[in-house]
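Me: Could you take a close look at how the helices pack near the end of this chain? I'd love one connected walk through that part, with the cut-offs behind each term.

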Amino acid sequence: MSDLTDLVRRGRTTRTAQLIATLTPEQRRTELPALRALRAEYERSWNTTAGAWTALLVAGAGCHTAPSAAADWLGGRAFEDCSGWRDPALLAVLERQPAEWRTAVVARLAERRAPGWRWSERFLLLESLIHGLGCPVPTADAFVVQWVGERARPDQRGGALPTGPDLHARLAADPFTPALAPRLFEVAEVGTNLDGPWAAKDDSQRWPAVLARLADDGVLDRTDLLERCLARLLRGGRPAELRTFLTVLKAFAPTEDEYAAHVPTLLGLLDGPSTLAGHAQHVLAGLDTAGRLPDEVLDQASTVLLFRPEKKLVRAQLGWLDRAARAARDRSGPVVLAAAAALGHQDRSLQDQALKVIARHLPAAGTAVLAALRQAAASLDPAHHARGAQLFGTEIATEAHREVLPPVPAPRPVPPPVATPAELAEELGAVLAGDQDPVTFERTLDGLVRHAWHDRAALAEALAPVLGRNSWHPLHPVAEAATATSVPRALAVIRGRDDRLRGHDEGSGLTDHLASRIEETVHRLATRPVPYLLATPTNATGALDAATLVERLAGYEQRGTAAGPVDLAQALLRVTPTGAPDVLAAAARLESPEGERLAHWLRTGGLPHRESRAEVTAAETLLPWAVPTRRLARQDGSPLAAGLPRDTARLLGPTEQRRRRSYWSPWTDAHRAAVLPHHREVTAARLLHVVAGAADQDERGAAAVLPYLAEADGPAGLAVHLAVGHGLGAGHREDRTAAVDALLILAARDDLDGALLGRESAELIRLGSVKPTRLAESLRAAADTGAYGTVWTVLAALLPGLLAQDPARPGDLLALGADCARRSGARGPIAEVTTVAGRGGASRAAREAVALRDVLAG
């Protein structure tokens, strides 16, 4: 042990720095291997003192003679939470280096994000080095983010800047401000940091107002910042970030001349989030009133805004058009043509407002615009047909409806087995890196088994570069077992990775079954290898061709190989039922117990399908913050969602015996759906509590399984429709989109029971699990694809129950119903709709009920 490493172990930071000062560059470099070994030792230990870590940080900083290597050492993850960043010994070691060396280290460290909780102390170290060097301020993204976080603190630990809540005084005195403040508009996600935990309660001391004051004081260039702010808003981003930059823009309070110089940017903002679009619309309307806009800008703005779903924006734009035509009669023609774009808006009240604007200015516009107006009037709601015919002098004809549904998903065959160890290494690398495609996973799992059987040494050589990464992934121990050259080593893999193989998905059992397959595969690789797996699917849904499975089992019999129980169970659950005489005959010729089991399975039709019924779980049985929900039971009253059907559980075998679990799972929804590809009703029942969380708990991603269920086989009964109903009311847009996709796929496959979905959705709304506004948005998205008739079948069953609960609530759903009924040609009264319409009133629900009643009456 050298004197340096001895001092480091004892945590003597000052003595460490003093000793390094006496060493030549060559001597310092010779200490590096020992320091790296010491760092690895510290990382493995839980009892290394803070002083020892600080001394190691100081020693490495002083012994690396290349600035890039020193920056890598200082920026390494091992020192993220080190408490020694402000130790005088570290600054002393760095300041002994040449200025060029320190400048290079500062530049490299400034580019590194500091995820550890000591990032502020590392920033202060860099700040000290920059002030000592007098070098240019780094403008890297990471350094800007850290500067924002540090300057927002009322306690400025550097000592040179004003402390307290006065952010303006602090930034005005900061020499970094002129270089870094303009970068705020370019660094990704820095906007959320401007409103961080240190933000003052007084708006005048928050970043937006302070930046505006600094521009007024001449510390910052006002024109440059305005351009940067508008460009940042135009680039888009997360809503919270854009709100912050919009606040900055408003704090600058641009003048009419300044806004007039950025009209193209303002037009671009009309496509952005509603808050940005509303602000840009207000500014442009003001410029137009002041005569600062060319005439074509009004048309460009109307083209964008009148097609937006936000009613507030559409109303404001129609108001702008009305004012423009009132102020200048020669603009009447362009105004009425622009307003015609709103005649096809999904909201009937906005169609009415557009007709009023057109009627007011049509005489001044003249007959030249009538042809275009008549064409636009074809999109009017039937309630406005008479008014449109009177205005435009012609009857309004509507086209016959043609239901548009997506094509039925075609079978997607699984590619052939992985051919070479090199190709398998690429597939394994993709899975370990995060590829969640179940087909890739299944082919990789099968490939590891196949190539371990054929040439384990070649496989080990090909996988060596891959096995150094992502040891947490469940496929990693399989790969290790596949490349192990001895049974003891492979068994050690099993023992060492056992807990990581176990999954957790809140009790559905499907993840446990997947983990059981992994465990069995590892064990077989170590003890009784097989030439390939039986359960590898032949279709991307997880389905397995019966003839292929018979052929695989025949191959096992020829080699005298016994099938793994879990692998065989999964193969039986995946095999596609068949009545083909040649396949049944080939299965009957199998002689092993597994072959006889397969033959019987195919002959008897496999796992039987079960119907279920819904029950309401009493609120008192739930957690205090939970809402009542729907659970499933078989028709005979036995629970279905509480556990797999008994015959399925028996097939899954070891899955039901598992007790130890971890709380992390790599399995995606596609993996779960592929366990029972011909029994999507059971899968939906098992995952119903997960999908319900997308609606009543706003859990993100919980409904992603729905398109996979829609593409799977087997009856689509109550469980599937309940799952789709929850998904349509999910809290996050991506989950609602997944539910809409599932609804359309089910309809295209003629598996959708619209009446069932409608009735159950009404019940979910009654229980509070689903919000009607979210459901209306999802059904509108489905209808806008052209599936108006499909959506009407859902609404026709949904509205009676919903109106019976609260006649004043479902205005959006009634409006959608009127649109779908009109477009699909639906006829026939609905008693509850007629009752609400007959009561009259000024509420939206009453108006929409009248419109729907009239449409249904023809």
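Reply: Happy to; here is the helix pair you asked about, followed by some related places elsewhere in the chain.

This is a predicted model, in which local features need pLDDT of at least 70, side-chain atom pairs count only at pLDDT 80 or more, and totals for chains, interfaces and linings use all residues. Residues are numbered from 1 along each chain as its sequence is written, and side-chain values use heavy atoms, with hydrogens and water left out.

First, the setting. The chain holds 46 helices and two strands; these are DSSP runs numbered from the N terminus, helices being H or I with at least four residues and strands E with at least two. Of its 858 residues, 53% count as buried (under 20% relative accessible area; exposed means over 50% and partly exposed in between, with a 1.4 Å probe and protein chains only).

Now the pair itself. Two packed helices are described by the angle between their axes and the distance between the axes. Helix H44 (residues 811-824) packs against helix H46 (residues 844-856) at an angle of about 20°, and their axes are 8 Å apart. Here axes are lines fitted to C-alpha atoms, for helices over the stretch in contact, and angles run from 0 to 180 degrees between N-to-C directions. H44 is therefore roughly parallel to H46 (angles under 35 degrees; over 145 is roughly antiparallel, 65 to 115 roughly perpendicular and the rest oblique). Their crossing is left-handed, meaning that the near helix is turned anticlockwise from the far one by less than a right angle.

Which residues of H44 and H46 make the contact? On the H44 side they are Gly 811, Asp 812, Leu 814, Ala 815, Gly 817, Ala 818, Ala 821 and Arg 822. H46 contributes Arg 844, Ala 845, Glu 848, Ala 849, Ala 851, Leu 852, Val 855 and Leu 856. Contact means heavy atoms within 4.5 Å. By class, this contact of H44 with H46 has ten nonpolar, two polar and four charged residues; Ala, Val, Leu, Ile, Met, Phe, Trp, Tyr, Cys and Pro count as nonpolar, Asp, Glu, Lys and Arg as charged, and the others, Gly among them, as polar.

H46 also holds Arg 853, which is partly exposed at 31% relative accessibility. Leaving out residues up to four places away in sequence, Arg 853 touches Val 833, Thr 834, Ala 837 and Gly 838. The C-alpha atoms of Arg 853 and Thr 835 are separated by 9.4 Å, with the two residues 18 apart along the chain.

Another arginine, Arg 780, sits in helix H42 (residues 772-783). Arg 780 counts as buried, with 11% relative accessibility. With residues up to four places away in sequence again left out, Arg 780 touches Gln 346, Leu 816 and Asp 819.

For a second helix pair, look at helix H18 (residues 274-289) and helix H20 (residues 311-327), which pack at an angle of about 5° with their axes 11 Å apart. That angle makes H18 roughly parallel to H20. The contact of H18 with H20 has seven nonpolar, four polar and two charged residues.

Finally, a backbone detail. Most residues other than glycine have a negative phi. Asp 750, however, has a positive phi near 60°; this residue is in the loop between helix H40 (733-748) and helix H41 (754-767) and is exposed, at 69% relative accessible area.
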